[in-house]
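The report below describes the fold of a single protein chain, beginning with its sheet and ending with whole-chain values. Please keep the sequence and the 3D view at hand while reading.

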Amino acid sequence: MQLAEEMLAALGYEPVGFDRSPAALNAFSADPGRFDLVLTDEVMPDMTGVELSGKLHEIRSDLPIVLMTGYGRTLRSRQLTAAGISEVIKKPLLSASVARCLARHLHSG
């Protein structure tokens, strides 16, 4: 998590990181307008990234959500769409790929 935060900071963003899904959900619920985009991992303690994304999407349906995964298992597009996931990116994360992904979702309109 810390490496991703450092990468995002180096790209000029102001990341807010959490090491557990409930902490992320609580912070988001307290102030949904604070966040411009969520970058979440599929494998986390307490709930998956898809589950967390679905809960965030229920609170704020316009929020871009990017799911990171290092696993080869195929996630169903219907499941991703229902959870409000805008894009899935594969690990290992490359700075240039992350920068392009974030630009697509943050600076496209």
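## Sheet and crossover

In this predicted model, strand 1 and strand 2, the latter spanning residues 65–69, are paired in the parallel sense, and four bridges link them. Among the bridge partners, T40 is matched in strand 2 by L67. From strand 1 the chain passes through helix 3, residues 49–59, before it reaches strand 2, and the β-α-β crossover made in this way is right-handed. A further bridge partner in strand 2 is M68, which is set against D41.

The sheet as a whole is open and consists of three strands in the order 1-2-3, with parallel pairing. Why is one side of strand 1 and of strand 3 left without a neighbour in the sheet? Strand 1 (38–41) and strand 3 (85–90) stand at the edges and each has a single partner strand, so one side of each remains without a neighbour there. From one strand to the next, the twist averages 25°.

Helix 5, which covers residues 95–106, lies across strand 2 and strand 3, and its direction makes an angle of about 175° with strand 3.

## The chain as a whole

How many helices and strands does the protein chain contain? There are five helices and three strands, and along the sequence they follow the pattern α-α-β-α-β-α-β-α. The radius of gyration of the protein chain is 13 Å, close to the 13 Å that the globule rule gives for 109 residues, so the chain is as compact as a globular protein of that length.

The following table collects computed values for the protein chain.

| Property | Value |
|---|---|
| Box filled by the C-alpha atoms, along the principal axes | roughly 35 × 30 × 30 Å |
| Residues that count as buried | 36% of the 109 residues |
| Accessible surface | about 6600 Å² |
| Share of the accessible surface belonging to carbon and sulfur atoms | 52% |

With buried taken as under 20% relative accessible area, the 36% in the table refers to the 109 residues of the protein chain. As for contacts along the sequence, if one considers those in the protein chain between residues at least 6 apart, 57% of them join residues at least 24 apart.

Terms used
Residues numbered from 1 in each chain as written. Predicted model: local features only at pLDDT ≥ 70, side-chain atom pairs only at ≥ 80, totals over all residues. Heavy atoms only, no water. Pairing = 2+ DSSP bridges. Helix = DSSP H or I, 4+ residues; strand = E, 2+ residues; numbered from the N terminus. Axes fitted to C-alpha atoms, helices over the stretch in contact; angles between N-to-C directions. Contact = heavy atoms within 4.5 Å. Right-handed = clockwise from strand over helix to strand, strands pointing away. Rg over C-alpha atoms; globule rule 2.2 N^0.38 Å. Buried < 20%, exposed > 50% of the residue type's maximum accessible area, 1.4 Å probe, protein only. Areas by Shrake-Rupley, 256 points an atom, 1.4 Å probe, with all protein chains shown as cover.
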